[in-house]
Amino acid sequence: MSILAPELLIRLDDLSDPRIAAFLEEHMQDMRAASPPESVHALDLAALRKPGISFWSAWFLDESGVETLVGTAALKRLDDSHAELKSMRTAAALRGRGLARAMLAHVLSQARLQGFSRLSLETGTQDFFAPARGLYQREGFLPCAPFGSYVEDPYSFFMSIEL
């Protein structure tokens, strides 16, 4: 069942809304619970605000006009042709309904518009990350070697797609 409707708004975000801070803190808690500390590569708010990173938030707009934060994703520039997908997260209650696919499609489109020819990501090897790995594989990402500053890690799974 798809949850996507005209009421889904994906926008470039400046991370100033306190709801985003809380949403990303939940993301960090999940990452710390699923991976050993040295294998947590999620970016905090300060890191997401650095130059070279574009951040998007996804919101559902209800009938009364109230916005609810339901997803996030970021694009980190690695070099002129290569970027990394970061902070991909959907609200736990909405997982498996197409929101992550919509967010990923948006980021892929934005990466192309920004002139990147390759997009890579790091995710976990644990069962917790299996749905994410499946999504990325279905959307055309292939396993790859560590990239950027990453090194081999039994808790990290690297994927990349040519744009």
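## Exercises on a buried serine and its charged neighbours

At 0% relative accessibility, Ser57 counts as buried (buried is under 20% relative accessible area, exposed over 50%, partly exposed in between, with a 1.4 Å probe and protein chains only). The model is predicted: local features need pLDDT of at least 70, side-chain atom pairs count only at pLDDT 80 or more, and totals for chains, interfaces and linings use all residues. Residues are numbered from 1 along each chain as its sequence is written, and side-chain values use heavy atoms, with hydrogens and water left out.

**Exercise 1. Place Ser57 in its strand and find the partners of its side chain.**

Step 1. Ser57 sits in strand E2, residues 53–61. Helices (H or I, at least four residues) and strands (E, at least two) are DSSP runs, numbered from the N terminus.

Step 2. Look for polar contacts. These are pairs of N or O atoms within 3.5 Å; within protein, one must be able to donate a hydrogen and the other to accept it, and residues adjacent in sequence count only if both atoms are side-chain atoms. The Ser57 side chain has one with the side chain of Asp13, at 2.5 Å. Another, at 2.6 Å, joins it to the side chain of Trp59.

Step 3. Widen the search to contacts (heavy atoms within 4.5 Å). Leaving aside neighbours within four places in sequence, Ser57 touches residues including Leu9, Arg11, Ile20 and Leu69.

**Exercise 2. Work out which parts of the chain the Glu67 and Arg11 pair ties together.**

Step 1. Apply the salt-bridge rule: a side-chain nitrogen of Lys or Arg within 4 Å of a carboxyl oxygen of Asp or Glu. Glu67 and Arg11 meet it at 2.9 Å, N to O.

Step 2. Glu67 belongs to strand E3 (residues 67–77) and Arg11 to strand E1 (residues 8–12), so the pair links parts 56 residues apart in sequence.

Step 3. Check exposure. Glu67 is partly exposed at 24%. Arg11 is partly exposed too, at 30%.

**Exercise 3. Is the salt bridge between Lys86 and Glu84 made by buried or exposed residues?**

Step 1. The side chains of Lys86 and Glu84 form a salt bridge of 3.6 Å, N to O.

Step 2. Lys86 has 7% relative accessibility and is buried. Glu84, at 3%, is buried as well.

Step 3. Take Asp17 and Arg19 next: their salt bridge is 2.7 Å, N to O. Here Arg19 is partly exposed, at 38%.

Step 4. Check the total: the rule gives four salt bridges.
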